[in-house]
Amino acid sequence: MKRNSPAKYTMPVTLNFVRCSIGLKIRCGSIIGFLRQTKMKKRVLDMLVGAAGKNVRVNQPFYVDYGSNIFIGDNSFINLNCTLLDTGKITIGKNTLIGPDVKIYTAVHAKETSERFWEEDDGAVYVKTWTQPVRIGDGVWIGGGAILLPGVTIGDHAVIGAGSVVTESIPAGAVACGNPCKVKKRREADI
């Protein structure tokens, strides 16, 4: 039997389906990877993150804590297997490239063991956590496997080398790498 055209299927996507519930870890990649139509991918991405500009591409798998605290600028690209723990705000500027396996963390815990937990009167024990935002400027390139720790800012047009651990803010136009990540040279052309 000959088919004249392929069958078309539609799948209703609701916010509850995508986010499941606040506080649950969402494996975004399995949802985005399943959806092949560009408009549908954009719609799902818009539901997963706080805001996504025009022409944003996120490869799967893509892991987040909440998603709603992530803001991505126009023409930015996040490669596969990235983890954005967005307990606090993560801002990614426009025209920014983020390589595979990049980790961005906003949660902070106390260094002293005795300060990391508290116990309620009913005996329930909780972890003390606070957040510091991560800001990534416009035109930034973050190499694969880099880790950005809470509170750092990556200035416009900076380049972060693969495998770097960014513990302090990096200025605009800098080329930086290492563990801990340090500025190796400055580029003035893009600034």
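Is Arg-186 buried, exposed or partly exposed? Arg-186 is partly exposed, because its relative accessible area is 44%. Here, buried means under 20% relative accessible area, exposed means over 50%, and partly exposed lies in between (1.4 Å probe, protein chains only).

The model is predicted: local features need pLDDT of at least 70, side-chain atom pairs count only at pLDDT 80 or more, and totals for chains, interfaces and linings use all residues. Residues are numbered from 1 along each chain as its sequence is written, and side-chain values use heavy atoms, with hydrogens and water left out.

Start with confidence. The chain has a mean pLDDT of 84, and 79% of its residues reach 70 or more. Over residues 1-26 the pLDDT is below 50, yet this stretch has 33 contacts in the model beyond near neighbours in sequence. The pLDDT is the predictor's confidence in each residue, from 0 to 100. Contact means heavy atoms within 4.5 Å.

Now the whole chain. It holds 3 helices and 22 strands. Both are DSSP runs, numbered from the N terminus: helices are H or I with at least four residues, strands are E with at least two. Of the 191 residues, 38% are buried. About 11200 Å² of the chain is exposed, and carbon and sulfur atoms supply 54% of that area. Areas come from the Shrake-Rupley method with a 1.4 Å probe; for residues, only the protein chains shown count as cover. Take the contacts between residues at least 6 apart in sequence: 26% of them join residues at least 24 apart.

Next come the sheets. Two strands pair if DSSP finds at least two bridges between them. One open sheet has 5 strands in the order E2-E5-E8-E15-E18, with parallel pairing. Its edge strands are E2 (51-52) and E18 (153-154), and each pairs on one side only. Inside this order, E5 (residues 70-72) and E8 (residues 90-92) pair in the parallel sense over 3 bridges. Ile-70 has Ile-90 in E8 as its bridge partner.

Another open sheet has 7 strands, ordered E3-E6-E9-E16-E19-E21-E22, and its pairing is mixed. E3 (57-58) and E22 stand at the edges with a single partner strand each, so one side of each is left without a neighbour in the sheet. Strands E16 (residues 141-142) and E19 (residues 159-160) run parallel, joined by 2 bridges. There, Ile-142 has Ile-160 in E19 as its bridge partner.

Follow this sheet to E22. Strand E21 (residues 174-177) runs antiparallel to E22, and 4 bridges join them. Ala-176 is matched with Val-183 in E22. The hairpin has 4 residues between the strands, and Gly-178 takes a positive phi near 110°. Arg-186 belongs to E22 (residues 182-186). Its C-alpha is 8.6 Å from that of Ala-158, 28 residues apart in sequence.

Compare two further residues. Leu-148, in strand E17 (residues 147-148), is buried, with a relative accessible area of 0%. Leaving aside neighbours within four places in sequence, Leu-148 is in contact with several residues, including Tyr-105, Val-134, Ile-142 and Val-166. The C-alpha atoms of Leu-148 and Val-134 are separated by 7.8 Å, though 14 residues lie along the chain from one to the other.

Phe-117, in strand E12 (residues 117-119), is partly exposed at 42% relative accessible area. Phe-117 forms a nonpolar surface patch with Val-125 and Val-127, and together they have about 270 Å² of accessible area.

Note on methods
Patch = residues over 30% accessible without salt bridge, like charges linked within 9 Å, V, L, I, M, F, W, Y side chains within 5 Å. Salt bridge = Lys/Arg side-chain N within 4 Å of Asp/Glu carboxyl O.
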